[in-house]
Amino acid sequence: MPKVESVQQSKFTYKNLLDLNDPQKAYASPLAVICHVDVNAFFAQYEQNRLNLGRDDPVVCLQWNSIIAVSYAARKFGISRMDSLQSALQKCPKLVAAHTAVFKKGEPTWKYVDYRPSPANHKVSLDPYRRESRKMMRLFRSFCDLVEKASVDESFMDFGRLVFKRVVRLFPEISNSPEKWKTTDKLPSLTQESIQRTGLHWKGFVVPKEDEDEQMSPVIHDWDDIVILIGSNLAWEIREKLVNTLNYTTSAGVGRVKTLAKLASGYKKPNAQTVVRDIAIPEFLANFSLDDFWSMGGKTGELVSSRLLEGRIDDEGEKRSNQIGYIRDTYSLKDLDDKFDHDLGLAQRVYKIVRGELADPITSRIDLKSMTSNKIFRGKAVNSAKDMFSWFDVFVGELVLRLQDLDEEDERIRRPTKLTLIITSSGITKSKQMTLSPAKEYDQITKKLTYSSHQLLTDLGESWRGKSGGMTMYPCQRGALEISGFKDLRGFHTIDKLMSGIKTVEHKKQHEQHEQHKLPAKESVASTSIHYESRKRQKRDSGIVSLLISGRKEKQKAHEAKTDCTLSGEKKTSEDSYICPECGKRVRLNVAIEHKDYHLAIRLDTELNH
């Protein structure tokens with residue numbers, strides 16, 4: 001049972017606690033609880049489960065002759081991803097080598113094969129792992145209302161609402177009179193009796209403060225310790241649920257912000273859990289370097305290190321201890337702003353990172369930019385357009401399968417509006433892109449992508465010869481199809497159905513106006529106003545307008561050439577014309593419907609896409 005050494009007055013308010021119950025505020029509360037879960041050697045674990053092997057069976061996952069994942073049982077033999085299959089088998093003769101699923105040239109679906117596939121005629125598929133990852137995400141989301149997929153085997157969870165509910169349930173001093181709460185009031189002091197009544201125990205390894213005994217149960221001081229204590233129990237529960245449901249072990253980290261939770265999940269592996277209390281943040285961060293934070297990689301990390309850690313790295317490139325503590329204790333926010341040439345945003349980010357205070361929100365929605373299927377070709381495996389067409393069957397098949405899986409995962413119907421072909425030959429890479437009208441059904445998408453990819457290949461081949469001194473792009477070294485410009489088509493009907501419905505509304509309006517005002521049917525056309533429920537969409541590349549009016553475009557031009565259209569300043573009308581109330585032009589009645597349809601298309605595009 002945790003020991004309590006409560007402060008005389010809590011530094012936290014009821015507002016801090018109430019914010020945990022708001023998904024928009026929970027992550028920024030000083031009582032926030034974020035969990036990061038990382039599946040241990042995911043690909044290897046998947047193959048263990050698929051082949052009905054035990055956790056003690058050494059397994060590696062192969063891509064051709066390269067090892068891409070190593071189970072922890074195999075790591076005990078000294079096997080790593082740097083090994084070839086031959087060297088791994090020398091270290092462990094009983095090693096189980098499971099090759100990934102593959103697409104075969106000319107076939108649109110992947111499968112596991114009972115022979116060693118060749119890279120010349122096969123393409124690796126990672127879809128089985130993506131599908132298993134989606135099962136995990138569904139499990140996480142059934143447990144927690146706000147989950148962010150960080151990668152195929154990593155997820156963040158905001159435990160705010162779950163922690164709030166347990167605090168209210170377990171501590172009567174809070175739950176007995178919520179109507180009397182004032183957001184500015186301090187939370188009540190904790191007692192040993194109140195903790196004992198909850199029955200709570202720490203779960204996992206709790207990082208000790210400098211003066212604490214690692215073997216003793218960590219001391220509870222304030223409500224930030226309570227929420228992290230509850231968070232450790234929640235993390236343990238979801239990890240147990242994952243083992244019992246899908247048979248995957250994980251490592252987890254629990255802390256106030258995402259950066260702490262991420263570092264903590266990798267601190268003790270495998271199948272372990274690390275808990276970071278606010279009071280122990282400095283001791284915990286002393287174990288890491290600046291480039292251990294994922295937001296401090298690349299050029300940004302190099303810039304920060306060069307400006308702040310000069311002299312903290314020896315001649316052999318070894319990093320001296322406690323870089324984080326050095327930056328925290330040496331540089332104020334003003335100092336950091338000066339060091340980074342008054343880039344205040346970067347200065348604030350570094351300032352908060354080294355203090356464990358960088359509160360970034362959990363993002364549950366997947367912001368999909370593009371999706372690519374590609375293949376590296378060996379020798380003269382692709383020496384003609386016919387060879388490439390066979391691989392297009394694979395590329396298109398993979399992209400459509402991934403779209404299907406995406407629909408299930410994200411509960412949206414997103415479809416691409418752009419297709420890009422990318423070819424590398426003789427060390428030169430060129431691409432060709434075209435716009436697609438989004439199709440909802442999978443067979444329609446397949447036909448559209450297949451036809452369009454063939455057209456792009458022909459166009460790119462001609463362009464290649466024209467710009468490369470007559471050189472052809474065969475044999476190809478690499479080929480790829482990329483889809484992008486995704487649009488959400490939920491609730492989107494076909495244009496014909498949509499227009500049919502709008503026409504019905506228009507005719508109904510005309511009839512009502514005729515009955516109410518006894519206007520001639522011809523005049524009612526000019527005064528009809530269409531109203532319908534708008535659907536908000538991202539801005540389309542002028543697609544829907546062109547779709548709606550393309551069938552009438554040439555006919556419209558011919559009529560407009562004969563039509564005497566004037567500005568709305570002319571009030572005079574005749575029996576065979578009227579003044580359009582939307583654009584002010586005089587339009588002959590024989591083209592009135594087509595002119596109305598033009599404005600209808602404009603309004604429809606505006607309401608659907610803006």
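# Strand pairing around β2 and β5

Strands β2 and β3 (residues 66-70) pair in the antiparallel sense, with four bridges between them. The model is predicted. The points below cover the partners of β2, a sheet of three strands that includes β5, and a helix that lies across that sheet.

**Strand β2 and its partners**

- Strand β2 spans residues 59-63, and four of its five residues are buried, which leaves the strand mostly covered.
- β2 and β3 form a hairpin, with two residues between the strands.
- W64 lies in the turn of this hairpin and has a positive phi of about 60 degrees.
- Within the antiparallel pairing, V60 stands opposite V70 in β3.
- β2 also pairs with strand β4 (residues 96-99), here in the parallel sense and over four bridges.
- V59 has V96 as its bridge partner in β4.
- Strands of a sheet pair through backbone hydrogen bonds, and the pairing can be parallel or antiparallel.

**The sheet of β6, β5 and β7**

- Three strands in the order β6-β5-β7 make up an open sheet with antiparallel pairing.
- The edge strands are β6 (110-111) and β7 (122-125), each of which pairs on one side only.
- Strand β5 covers residues 101-104 and pairs with β7 in the antiparallel sense over four bridges.
- One of the residue pairs involves K104, whose bridge partner in β7 is H122.

**The helix across the sheet**

- Helix α16, residues 385-410, lies across β5, β6 and β7.
- The helix runs at about 10 degrees to β7.

Notes. Residues are numbered from 1 along each chain as its sequence is written. This is a predicted model: local features need pLDDT of at least 70, side-chain atom pairs count only at pLDDT 80 or more; totals for chains, interfaces and linings use all residues. Side-chain values use heavy atoms; hydrogens and water are left out. Buried means under 20% relative accessible area, exposed over 50%, partly exposed in between (1.4 Å probe, protein chains only). Two strands pair if DSSP finds at least two bridges between them. Contact means heavy atoms within 4.5 Å. Axes are lines fitted to C-alpha atoms, for helices over the stretch in contact, and angles run from 0 to 180 degrees between N-to-C directions.
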